[in-house]
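This briefing concerns aromatic pairing and side-chain burial in the structure shown below. Please read it alongside the sequence and coordinates.

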Amino acid sequence: MATEIILPGILLVLAFFLKLSIDREVDIPSSIYAMLELPVDVAFLATSFIAAFTISATQPDSEKGFVYFICYVLLAGLAIFLWRKSSRQFDAGNHGSAIGISVINYLICSACLVRAIQLV
C-alpha cells in the first residue's frame with residue numbers, strides 16, 4: 001500500500017523539481033507558475049494509471065477502463081484549462097482568484113489520482 005502512494009509521489013516531486021530547475025532560474029514567480037501547473041502532471045499521471053489498468057484488465061474491466069480513460073482524458077483537458085485560467089489570473093494580479101482556481105484544480109486532479117490508484 002505504501003509503495004502505491006510513495007512511487008507516484010516521487011514521480012510528481014521529480015517532475016516538479018526538474019521542470020522548475022532545468023535550464024531556468026529558480027525564483028518565486030517561476031515557482032508559483034510551476035505550482036499552478038502541477039495539477040496537470042497529477043492528471044496525466046492518473047490517466048497513465050487508468051491506461052495501465054485498461055491494458056491489463058480482463059474483458060469486462062477493460063470496457064470499464066476504457067470509459068474511465070475517456071473521462072480522464074477529458075478531465076486532463078479541464079485541468080489544463082484551469083491551469084491556464086489560474087496563470088492568467090495570477091498575471092493579472094488577481095492572486096485570490098488564481099489560488100481559488102488552483103485549489104479546485106488540485107482537488108479534482110487529486111481525487112482522480114486517488115481513484116486511479118485504487119483501480120490499479
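The model is predicted. Phenylalanine 16, with a relative accessibility of 15%, is classed as buried, because the cut-off for that class is under 20%. The points below treat the aromatic pairs, and then a serine in helix H3.

**Aromatic pairs**

- The ring-pairing rule yields a count of 3 aromatic pairs.
- One of them joins phenylalanine 16 and phenylalanine 17 in an edge-to-face arrangement, with 5.2 Å centre to centre and 80 degrees between the planes.
- Within this pair, phenylalanine 17 is partly exposed at 48% relative accessibility, whereas phenylalanine 16 is buried.
- Tyrosine 68 and tyrosine 72 also form an edge-to-face aromatic pair, with 6.2 Å centre to centre and 65 degrees between the planes.
- The angle of 65 degrees between the tyrosine 68 and tyrosine 72 planes is classed as edge-to-face because that class takes angles over 60 degrees.

**Tyrosines of helix H3**

- Both tyrosine 68 and tyrosine 72 belong to helix H3, where 4 residues, about one turn of the helix, separate them.
- Tyrosine 72 has a relative accessibility of 5% and therefore counts as buried.

**Serine 62**

- Helix H3 spans residues 59-91 and includes serine 62.
- The relative accessible area of serine 62 is 17%, so this residue is buried.
- When residues up to four places away in sequence are left out, serine 62 is in contact with Thr54 and Ala57.

Key: Residues numbered from 1 in each chain as written. Predicted model: local features only at pLDDT ≥ 70, side-chain atom pairs only at ≥ 80, totals over all residues. Heavy atoms only, no water. Helix = DSSP H or I, 4+ residues; strand = E, 2+ residues; numbered from the N terminus. Buried < 20%, exposed > 50% of the residue type's maximum accessible area, 1.4 Å probe, protein only. Contact = heavy atoms within 4.5 Å. Phe/Tyr/Trp six-rings, centres within 6.5 Å; stacked < 30°, edge-to-face > 60°.
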